[in-house]
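User: I have a chain in front of me and would like to go through its model piece by piece. Please keep the answers short and show the reasoning.

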Amino acid sequence: MAVRMLMVCVLGTLLCQVWSSAEPQSNEEELHVRTLYPWRNKGNGVVRVKRDWIIPPIRVLENSKQVPEDLVQIKSDKIFTGEVIYKLEGPGVDQEPKNLFEIDDKTGVIRSKRPLDREKYSSFTLKAFALSPSGERLENPTTIEIVVLDQNDNRPAFTQSQFVGTVPEFSVPGTSVMSVSATDKDDPMTENAFLSYSIIGQESIPANAVTKTMFGINNETGAIYTRDVGLDREVVKGFRLKLQIADMGGMGLTSEGVAIIHISDINNHAPQFSPDSYNMIAVENRKDYEIGRVNVTDKDDHGTRNWEAKYFISNDLDGKFAISTDPATNEGVLTVVQPLDFEAQNEYTLILLVENVNPLSNKAPNHPVSSATVVVTVVNENEAPHFKEDPIRIVVPESVDPGTLLKSNIAIDPDNSDLRYEISRDPERWLDINRDTGDITTRRAFNMRSPHVRNNIYNAVVKVTDADGVSTTATLIITLKETNDFPPQIFPLSGSVCRDTGRTSSGLIVTAVDEDFPPHAAPFTFEIPDYLPINWTINPVNGTHAMLQPLVELEAGEYAVTVLVSDSGSPVMSAYAQVNVTVCLCDSFGDCKSEAGALLGSSVGISFIALIIIMACIALLLLLLLLAVAVTTCGRRHHIKKGTGLLVGESEDDIRDNVFNYDEQGGGEEDENAFNIDLLWNPHDAPSTPGLYYPGVPRGKQPLRKDAPHNLPSPTYPRRPPADPTDIEDYINDGLEAADNDPNVPPYDTALIYDYEGEGSLAGSLSSIASGSSDGDQDYDYLNDWGPRFKKLANMYDPR
């Protein structure tokens with residue numbers, strides 16, 4: 001491998017040539033490099049490492065105005081064998097930032113094209129190449145390091161536009177307050193970035209409150225500290241310091257800044273009452289309300305815990321009063337927390353103490369704790385009477401006698417006025433109360449079975465009123481104790497017992513009912529009195545039931561057995577009862593049967609099921625007979641001939657209505673329900689001019705209208721409506737035509753159908769009335785008896 005040689009040429013007056021050691025007989029390649037400005041190279045010159053030559057960094061001063069400026073020239077030994085072309089690559093050439101450096105491809109001279117800024121790029125690493133005209137690389141690339149030298153072209157600057165700190169008042173000299181800081185963009189390894197801090201001005205807040213220098217600063221670290229005594233927050237609130245920062249150890253470029261220092265408060269002032277005596281008024285029987293306020297003064301910082309007051313009451317042993325702090329005004333708010341009694345005490349003298357929330361500083365003056373005296377006067381008011389207990393509880397037996405005293409001395413009045421008592425709620429009216437003394441007594445005995453008694457408790461309400469009309473109520477809770485008031489009663493009082501001697505378990509089960517509640521009810525004791533014949537016995541089944549059995553075989557029949565039943569109450573309540581027992585023969589199920597049943601149940605009789613079938617057949621025959629009679633009766637009604645009654649004769653054209661209900665057609669009708677017999681009434685069938693039928697007047701004697709013709713032949717009216725709905729129009733037209741041609745009626749009358757409306761009516765209709773009989777043999781005087789409604793009708797038929 002050929003040995004490369006790097007020649008550095010100096011284009012100035014100084015030429016330095018460094019040769020590498022090589023073997024004397026070899027034909028190795030050499031590369032000569034010449035260096036400009038040799039004073040920038042502070043190393044040992046060219047160093048040979050592994051048979052390669054390394055160029056020391058090229059140092060270039062930033063912000064140079066001599067641009068373009070030749071920095072270095074490279075040369076290859078290949079120039080002796082042929083043409084060499086030089087190329088340069090790297091940041092500042094063909095990489096960002098571009099166009100800072102260039103190389104002469106013929107001579108190998110590297111130049112800077114623009115002034116460099118170390119604060120942006122402090123160094124550049126470039127690659128130099130030696131190429132043939134065809135682009136072939138003749139040698140390995142050479143690394144060229146360019147270092148930008150710093151100039152003091154940047155002023156130092158504080159990191160904040162304004163620094164804020166706090167120091168307690170009365171701090172001793174040397175107390176650390178705060179630290180400030182600054183930066184410089186120049187090379188920190190040079191004097192250009194060596195900073196120095198200083199205070200160049202001081203202003204007190206308020207102005208001229210303090211004129212001496214109170215603060216100092218460490219010129220290297222920027223720590224601000226106190227230099228003197230006399231920081232009193234009541235005198236000065238703070239300071240404004242004017243700061244300066246300079247590079248090159250204070251000899252270079254400078255900048256200014258501001259530091260604000262606040263003097264913080266310490267609790268060096270105790271609160272003081274102002275004034276120290278107060279008079280307040282409180283109303284008795286009220287609580288949790290404010291009765292007054294007390295004031296204090298404190299020179300410490302307003303709104304801080306050094307200023308906030310905390311109050312105490314030193315002599316309120318009963319805890320009737322309380323005092324709290326109003327956070328806005330720092331006043332002490334005195335309240336009553338327990339009701340006061342004017343009759344018991346009408347005046348209170350309270351001693352109040354005050355201190356700050358924060359402990360008092362040891363730098364505060366040694367003064368005693370401030371105190372104040374408050375005289376509270378209690379105002380009397382009319383108090384409502386109150387019960388000694390509410391609710392009032394009473395325990396009494398339910399069977400207590402009327403007039404028994406249940407409770408006395410139940411209420412008192414703080415004002416010692418006269419009281420009036422009353423029972424305001426007593427749904428069963430069991431209680432009574434003395435209006436003046438309030439003694440509660442029973443009006444009548446209690447009843448545990450009342451719906452107002454629940455769980456043995458009866459509730460009532462008592463009311464008491466004083467002389468001024470102020471009242472209060474209390475609940476009266478009466479607990480009723482169960483007593484044995486009712487004897488048990490046997491049930492059932494009748495039954496049957498089988499006569500069969502083979503039935504050992506045959507007997508009548510009886511029980512008992514008791515209106516009392518436990519423990520005065522079950523278990524029950526059943527027994528037969530000793531003085532009765534011993535034909536029967538009763539044996540208990542359980543606590544509530546027993547079995548009544550005969551001791552000897554008895555004949556079938558009725559027996560009255562006296563049984564004594566007793567409960568378990570205290571005292572024991574007993575009752576006699578007569579149980580009617582039927583001794584009878586029994587079937588296989590143990591049920592009593594009659595003599596006939598016994599006979600039927602024998603082998604010679606018929607069975608019971610057969611008897612039931614026979615009875616059902618007889619009932620069916622009776623039903624069929626009744627149905628036949630009803631059908632026959634209905635048939636006769638439909639065959640009544642015309643003229644034999646009120647019905648129209650048997651005809652295919654006969655049209656009948658069913659039972660009709662008519663509304664009242666005049667005052668005083670007696671017959672509102674029509675009959676199931678109806679009549680088709682029209683002028684053809686009538687013996688005279690058609691008209692309404694007057695109830696109570698025979699048809700042959702119906703009155704005639706003197707303003708209408710009569711005894712003229714009437715046309716034939718249609719008798720039966722057609723079955724086909726399409727012929728209804730013809731049917732109606734025929735009826736209208738017959739009515740229009742009828743000479744016996746006014747033209748406004750049409751074919752009318754009248755139903756039989758019954759007899760005996762006191763009122764009649766005022767429609768058209770005509771009769772075929774002569775009016776000479778008619779007596780119309782009765783029309784005058786029908787009242788003023790028929791006055792006009794009576795005048796029409798008046799024979800005069």
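## Strands, loops and salt bridges

Analyst: The model is predicted. One place to begin is the pairing of β40, where 5 bridges join this strand to β46 (residues 574-584) and the two run parallel.

User: Which residue stands opposite Val-497 in β46?

Analyst: Strand β40 covers 494-498, and its partner β46 covers residues 574-584. Opposite Val-497 in β46 stands Val-583.

User: What is the strand order of the open sheet of 4 strands, and which are its edge strands?

Analyst: The pairing in this open sheet is mixed, and the order is β40-β46-β45-β42. From one strand to the next, the twist averages 35 degrees. An edge strand here pairs on one side only, and that applies to β40 (494-498) and β42 (525-527).

User: Which side chains of strand β4 point to the buried face?

Analyst: Side chains alternate along β4 (residues 58-61). Arg-59 and Leu-61 point to one face and are not buried. Those that point to the other face and are buried belong to Ile-58 and Val-60.

User: Which residue of β10 stands opposite Leu-61?

Analyst: Strand β4 pairs with β10 (residues 142-149) in the parallel sense, over 4 bridges. Within that pairing, the residue opposite Leu-61 is Leu-149.

User: How many helices and strands does the protein chain have, taken as a whole?

Analyst: The chain has 800 residues, of which 36% count as buried. Its accessible surface comes to about 46,100 Å², with 53% belonging to carbon and sulfur atoms. Among contacts between residues at least 6 apart in sequence, 66% join residues at least 24 apart. The count is 4 helices and 46 strands.

User: What is omega for the peptide bond from Glu-96 to Pro-97, and what is omega for the bond that joins Ile-205 and Pro-206?

Analyst: Most peptide bonds are trans. Pro-97 lies in the loop between β6 (85-89) and β7 (101-103), while Pro-206 is in the loop between β15 (196-205) and β16 (215-217). The bond from Glu-96 to Pro-97 is cis, with omega near -5 degrees. The bond between Ile-205 and Pro-206 is also cis, and its omega is about 0 degrees.

User: Is phi of Asn-63 positive or negative, and what is its value?

Analyst: Most residues other than glycine have a negative phi. Asn-63 lies in the loop between β4 and β5 (69-74) and, at a relative accessible area of 30%, is partly exposed. Its phi is positive, near 60 degrees.

User: What is phi of Met-248?

Analyst: Met-248 is found in the loop between β18 (238-246) and β19 (254-264). A relative accessible area of 35% falls between the 20% and 50% limits, so Met-248 is partly exposed. Its phi, a positive value in a residue other than glycine, is near 55 degrees.

User: Which residues make the nonpolar surface patch of about 380 Å²?

Analyst: One of its members, Met-615, is placed in helix α2 (residues 608-637). The patch is made by Ile-614, Met-615, Ile-618 and Leu-622.

User: Why does Arg-233 count as buried?

Analyst: Arg-233 meets Asp-301 in a salt bridge (3.9 Å, N to O). The pair links distant parts of the chain, 68 residues apart: Asp-301 is in the loop between β23 (296-297) and β24 (309-313), and Arg-233 is in the loop between β17 (223-226) and β18. Asp-301 is partly exposed at a relative accessible area of 30%. Buried means under 20%, so Arg-233 counts as buried because its relative accessible area is 7%.

User: How far apart are the closest N and O atoms of Arg-293 and Glu-290?

Analyst: Arg-293 is partly exposed at 32% relative accessibility, and Glu-290 is partly exposed with a relative accessible area of 42%. These two residues form a salt bridge, and their closest N and O atoms are 3.1 Å apart.

User: Which residues do salt bridges that share partners join into one network?

Analyst: The structure holds 17 salt bridges. Among them is the pair Asp-104 and Arg-111 (3.8 Å, N to O), and the pair Asp-301 and Arg-233 is another. The network joins Arg-233, Glu-234, Asp-265 and Asp-301.

Definitions and conventions: Residues are numbered from 1 along each chain as its sequence is written. This is a predicted model: local features need pLDDT of at least 70, side-chain atom pairs count only at pLDDT 80 or more; totals for chains, interfaces and linings use all residues. Side-chain values use heavy atoms; hydrogens and water are left out. Two strands pair if DSSP finds at least two bridges between them. Axes are lines fitted to C-alpha atoms, for helices over the stretch in contact, and angles run from 0 to 180 degrees between N-to-C directions. Buried means under 20% relative accessible area, exposed over 50%, partly exposed in between (1.4 Å probe, protein chains only). Contact means heavy atoms within 4.5 Å. Accessible areas come from the Shrake-Rupley method with a 1.4 Å probe; for residues, only the protein chains shown count as cover. Patches are made of residues with over 30% relative accessible area and no salt bridge: like charges are joined within 9 Å, nonpolar side chains (Val, Leu, Ile, Met, Phe, Trp, Tyr) within 5 Å. A salt bridge is a side-chain nitrogen of Lys or Arg within 4 Å of a carboxyl oxygen of Asp or Glu.
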